[in-house]
2 protein chains.
Amino acid sequence: MQKLKKTIEKIGTVDEKSMKEAKKRQDSLTKPLESLGVLEELSIMVAGITKNPMPEIKDKVIVTMAGDHGVVEEGVSAYPQEVTPQMVYNFVNGGAGINVLARHIGARVVVVDMGVAADIENPKVVNRKTGYGTRNMAKGPAMTREEAIKSIESGINVFENELRNGVDIVGVGDMGIGNTTPSSAITAVITGEPVERVTGRGTGVNARLFENKIKVIKKAIKLNKPDPKDPIDVLSKVGGFEIGGMTGIYLAGAANHIPIVIDGFISGAAALLAYQLEPKVKNYLIASHCSVEVGHKIILDYMGLRPLLNLNLRLGEGTGAALGINLVEAGCKILTEMATFASAGVSEKREE
Amino acid sequence: MQKLKKTIEKIGTVDEKSMKEAKKRQDSLTKPLESLGVLEELSIMVAGITKNPMPEIKDKVIVTMAGDHGVVEEGVSAYPQEVTPQMVYNFVNGGAGINVLARHIGARVVVVDMGVAADIENPKVVNRKTGYGTRNMAKGPAMTREEAIKSIESGINVFENELRNGVDIVGVGDMGIGNTTPSSAITAVITGEPVERVTGRGTGVNARLFENKIKVIKKAIKLNKPDPKDPIDVLSKVGGFEIGGMTGIYLAGAANHIPIVIDGFISGAAALLAYQLEPKVKNYLIASHCSVEVGHKIILDYMGLRPLLNLNLRLGEGTGAALGINLVEAGCKILTEMATFASAGVSEKREE
């Protein structure tokens with residue numbers, strides 16, 4: 001708990017002075033004022049986060065966290081649980097969607113076992129197992145309060161270790177069969193929206209399984225009574241180990257003045273927990289895209305974040321975050337690499 | 001005229017067989033069905049365009065075409081005309097927005113003088129000058145019919161020359177002080193929308209100049225009576241040399257089975273002319289983004305194209321196209337680089 005507390009206390013404000021300097025430079029570059037829209041805004045935001053008016057995005061990291069969910073025994077997913085470890089091996093072998101997109105943008109992928117229900121035997125996977133899958137939240141709490149704290153602190157540790165290898169920006173992704181179910185539960189509890197409004201078809205369940213999924217989520221909330229004002233209570237009762245780990249990444253990123261890019265619905269639910277623990281986290285968050293999963297938009301609206309992309313993605317793993325990182329990098333390059341009107345000898349706008 | 005006619009005749013259909021094969025492969029990759037949304041659609045579209053079920057995007061080209069406009073003497077732009085050649089030099093010196101974003105995505109920039117009102121003395125600029133700026137369309141036709149055809153055929157020639165250096169995808173961008181004015185005129189004439197609905201503030205004119213801009217466009221249309229059914233007539237009466245050049249790029253790209261990425265409003269107006277000349281062009285077009293310039297959305301809706309990005313861009317030069325190309329490349333890499341369920345040993349979805 002000490003680690004979590006200290007990390008939260010370390011989260012401060014962004015640097016207005018660097019933002020002003022970055023804005024001033026953007027306005028001096030050879031383009032009509034603000035004509036690169038969101039790219040310019042991203043560069044100014046990153047200047048504030050990193051306290052650097054000329055930020056460079058070089059070391060790009062995607063942290064993909066895997067965990068299993070006891071609630072799958074209620075039949076909430078179209079895929080069998082064995083897919084979680086199979087996909088973890090796919091990640092380290094470079095064959096998954098996130099590997100392709102991380103290579104595309106020049107990022108490294110850090111794969112973390114936060115609680116897969118099988119032993120992962122591969123040295124490339126960071127072992128931060130809190131347990132072999134959570135317990136079935138439809139029958140009791142998914143984990144203890146101690147496990148919830150441990151999962152968040154494990155995420156903080158993962159981030160701090162990566163920081164030593166260089167991190168200019170971090171994207172947060174997930175893998176875990178059944179994990180849209182706890183994500184919907186977290187979203188419903190924290191935002192106060194009805195379960196139906198925050199629940200989607202995940203990897204693609206049919207209408208009958210979808211009805212069942214909603215029932216299971218309602219049952220878990222009714223049974224466990226998570227306290228919306230206590231994010232750790234919410235995580236322990238209806239969350240997941242990889243969700244807690246991602247929450248830790250957001251908190252540690254913000255505490256260390258590094259921009260953190262949200263992927264889809266599951267990483268969004270983790271961001272929501274981080275935001276409830278410390279609202280200042282929001283200033284360090286970039287929403288890469290809006291997922292097909294309906295709850296994601298509700299999460300982003302709740303935090304007041306606007307997604308960069310709308311590409312009908314719903315894979316997770318950090319795939320949307322990778323595309324978002326690429327845009328943030330583009331914005332920072334505009335800021336640092338473009339010529340100014342003065343340096344290029346281009347005439348400025350006339351007085352009107 | 002022979003060149004233009006032959007190019008249009010060469011435009012055929014996309015390859016349904018390659019699209020089916022690409023779709024089948026997408027469905028076999030280690031991700032829930034269609035979970036990478038638009039990225040998957042782009043890869044299938046490119047398979048059809050290139051007649052290759054496993055297309056690779058390696059040689060990326062941005063063609064940025066510059067031209068001047070006699071109509072600037074009516075006071076329709078906030079910048080002086082000298083900015084057009086100044087920006088051309090900025091392009092070849094690598095300091096403009098398009099240079100930064102082209103480097104970011106690994107594309108080469110081909111800068112073409114289609115009709116700048118000054119001599120450009122730099123061997124890196126492709127000289128395809130049809131004239132030293134168009135004539136003032138508020139006082140008569142912007143160019144002759146012969147000049148309009150010449151500008152389109154010059155664009156075709158530029159594309160065919162580049163093809164010898166390798167082109168897997170091409171983005172189309174513009175530079176020309178005052179060129180939102182002819183673009184609005186073209187859009188109004190072809191779509192039948194009122195001038196007010198297709199006219200924006202360009203590089204940022206104030207309210208008084210904006211009112212004047214609308215009046216000038218109305219006057220030019222009333223005076224010249226361009227025939228909406230004859231795109232060459234529209235180009236000659238209210239168009240521009242760089243707009244004609246871009247129209248040529250779209251036609252030549254489609255004729256050669258290369259995907260072509262539209263940038264913003266001006267390159268959109270050029271695409272509209274290409275579409276009116278041969279509606280089959282549409283199947284080869286990818287809309288990278290929706291510009292802040294209001295007419296752009298009307299153009300895209302008219303052609304039934306959905307933009308990939310909404311980032312409040314309005315710079316032109318091919319900047320939005322560069323970001324779009326990056327997404328197309330990402331989609332094709334997903335198709336060609338991801339592991340299949342079989343190759344990665346991942347279990348497939350259960351029967352429900």
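**A buried asparagine, two domains and a two-chain interface**

In this predicted model, Asn224(B) is found in helix H8 of chain B, which covers residues 207-224. The relative accessibility of Asn224(B) is 7%, and because buried means under 20%, this residue counts as buried. Leaving aside the neighbours within four places in sequence, Asn224(B) is in contact with Met137(B), Gly140(B) and Pro141(B), and also with Lys237(B) and Val238(B). Two backbone oxygens lie at 2.9 Å from a polar atom of the Asn224(B) side chain: one belongs to Met137(B), and the other belongs to Ala220(B). Between Asn224(B) and Tyr89(B), by contrast, there are 34 Å in space from C-alpha to C-alpha, and the two residues are 135 residues apart in sequence.

The organisation within a single chain was examined next. Chain A is divided into domain 1, made up of residues 2-55 together with 335-344, and domain 2, made up of residues 60-328. The C-alpha centres of these two domains of chain A lie 28 Å apart, and where the domains meet, 19 residues of domain 1 are in contact with 27 residues of domain 2. About 2,000 Å² is buried between domain 1 and domain 2 of chain A, and 70% of this area is on carbon and sulfur atoms. Of the area that domain 1 of chain A buries against domain 2, 31% is supplied by Leu4(A), Ile11(A) and Ile49(A), which is more than any other three residues supply.

Polar and charged pairs are also found across this domain interface of chain A. There are 2 salt bridges between domain 1 and domain 2 of chain A, and 8 residue pairs are in polar contact between the same two domains, with both residues of each pair at pLDDT 80 or more. On the side of domain 1 of chain A that touches domain 2, helix H1 (2-10) and helix H3 (37-50) each supply at least two residues. The largest share of that side comes from H3(A), which gives 8 residues. A salt bridge also joins Glu41(A) to Arg306(A), with the closest N and O atoms 2.8 Å apart.

The two chains were then compared as copies. In general, two copies of a chain are related by a rotation about an axis and a shift along it. Here, chain A can be laid on chain B with an RMSD of 0.0 Å by a turn of 180° and a shift of 0.0 Å along the axis, which is the relation of a two-fold axis. In chain A, the C-alpha nearest this axis is that of Leu309(A), at 3.2 Å from it. Since 100% of the interface residues of chain A are also interface residues in chain B, the copies meet through the same surface.

The contact between the chains takes 61 residues from chain A and 61 residues from chain B. Together the chains bury about 5,100 Å² between them, of which 58% is on carbon and sulfur atoms. The count of salt bridges between chain A and chain B is 2, and in one salt bridge Arg103(A) pairs with Glu337(B), the closest N and O atoms being 3.0 Å apart. In addition, 22 residue pairs are in polar contact across the interface of chain A and chain B, both residues being at pLDDT 80 or more. Several helices of chain A, among them H3, helix H5 (97-105) and helix H8 (207-224), each supply at least two residues of the side that touches chain B. H13(A) gives the most to that side of chain A, with 9 residues.

Notes. Residues numbered from 1 in each chain as written. Chains lettered and ligands numbered in written order. Heavy atoms only, no water. Helix = DSSP H or I, 4+ residues; strand = E, 2+ residues; numbered from the N terminus. Buried < 20%, exposed > 50% of the residue type's maximum accessible area, 1.4 Å probe, protein only. Contact = heavy atoms within 4.5 Å. Polar contact = N/O pair within 3.5 Å; in protein donor to acceptor, adjacent residues only side chain to side chain. Least-squares fit on C-alpha atoms with pLDDT ≥ 70 in both. Domains from an automatic or database assignment. Buried area = accessible area lost by both parts, 1.4 Å probe. Salt bridge = Lys/Arg side-chain N within 4 Å of Asp/Glu carboxyl O.
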